[in-house]
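Here is a short briefing on how the strands in this model come together. Have the structure open beside you as you read.

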Amino acid sequence: SATTSTDAGGRFRQEGLPEGDLLLRVSAAGFAPSAVIVPAGTDEAEVRMEAPQSIAGRVTAEDGSPAACVPVSAYPERTVPGVYSPRETATATDGTFRIEGLGPGPHKILAGGYNGDFVVRRIEGVAAGTADLAVTLARGLEIRGRVLDDADRPVPGAQIRATGEGEAGAGLGRNGMASTSTDGSFAIRGL
């Protein structure tokens, strides 16, 4: 891994790089992040930077009430292999959200999250620049319990993970984590 900066004309040079194709990740203030794969032996690479865009909208519960403090993430659907660049935010008290700094093209939106009141929902094909995305979340279930040792004593600090499949697909639908308290009790919400 090597890092360099551009000159006033936007040019850069990096020497001493390994053989083979290279992944260039480019970031600059006022632009969306960009990445390109440069084939081995390339003497000159051109990277096009784009103005950052956003996706905004409102998240509500099935009854129409605002879903406050819900995590919302945007993942680019078209990206250079090996480049993972989600952007995240949380909804305001009125359920609104705005995710900034996105590149062009469609994005996958995930709303909801671990141990929240709502099941994670995935929406694909959301265009960067969308200003009025409406997301409705289903309330999740809750599992409560206790972890005890073989002598019926509480086990504090045990890690519990619930996993399953939901509408968002394997690993994203009905998941949650919790740690037991001093009395061995736990609660996992949003399943």
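**Two open sheets**

In this predicted model, three strands form an open sheet in the order β6-β3-β9, and their pairing is mixed. An open sheet of four strands has the order β5-β4-β7-β8, with antiparallel pairing. Strands here are DSSP runs (E, at least two residues), numbered from the N terminus, and two of them pair if DSSP finds at least two bridges between them.

**The three-stranded sheet**

- β6 (96-102) and β9 (133-137) stand at the edges with a single partner strand each, so one side of each has no neighbour in the sheet.
- On average, neighbouring strands of this sheet are turned by 30° against each other, direction ignored; the axes behind such angles are lines fitted to C-alpha atoms, and angles run from 0 to 180 degrees between N-to-C directions.
- Five bridges link β3 (residues 53-61) with β6 in the antiparallel sense.
- Ala-56 has Arg-98 in β6 as its bridge partner.

**The four-stranded sheet**

- At the edges are β5 (87-90) and β8 (121-127), and each pairs on one side only.
- Here the average turn between neighbouring strands is 20°, direction ignored.
- β7 (residues 106-111) and β8 run antiparallel and are joined by five bridges.
- Ile-109 finds its bridge partner in β8 at Ile-123.

**Reading notes**

- Residues are numbered from 1 along each chain as its sequence is written, and side-chain values use heavy atoms, leaving out hydrogens and water.
- As the model is predicted, local features need pLDDT of at least 70 and side-chain atom pairs count only at pLDDT 80 or more, while totals for chains, interfaces and linings use all residues.
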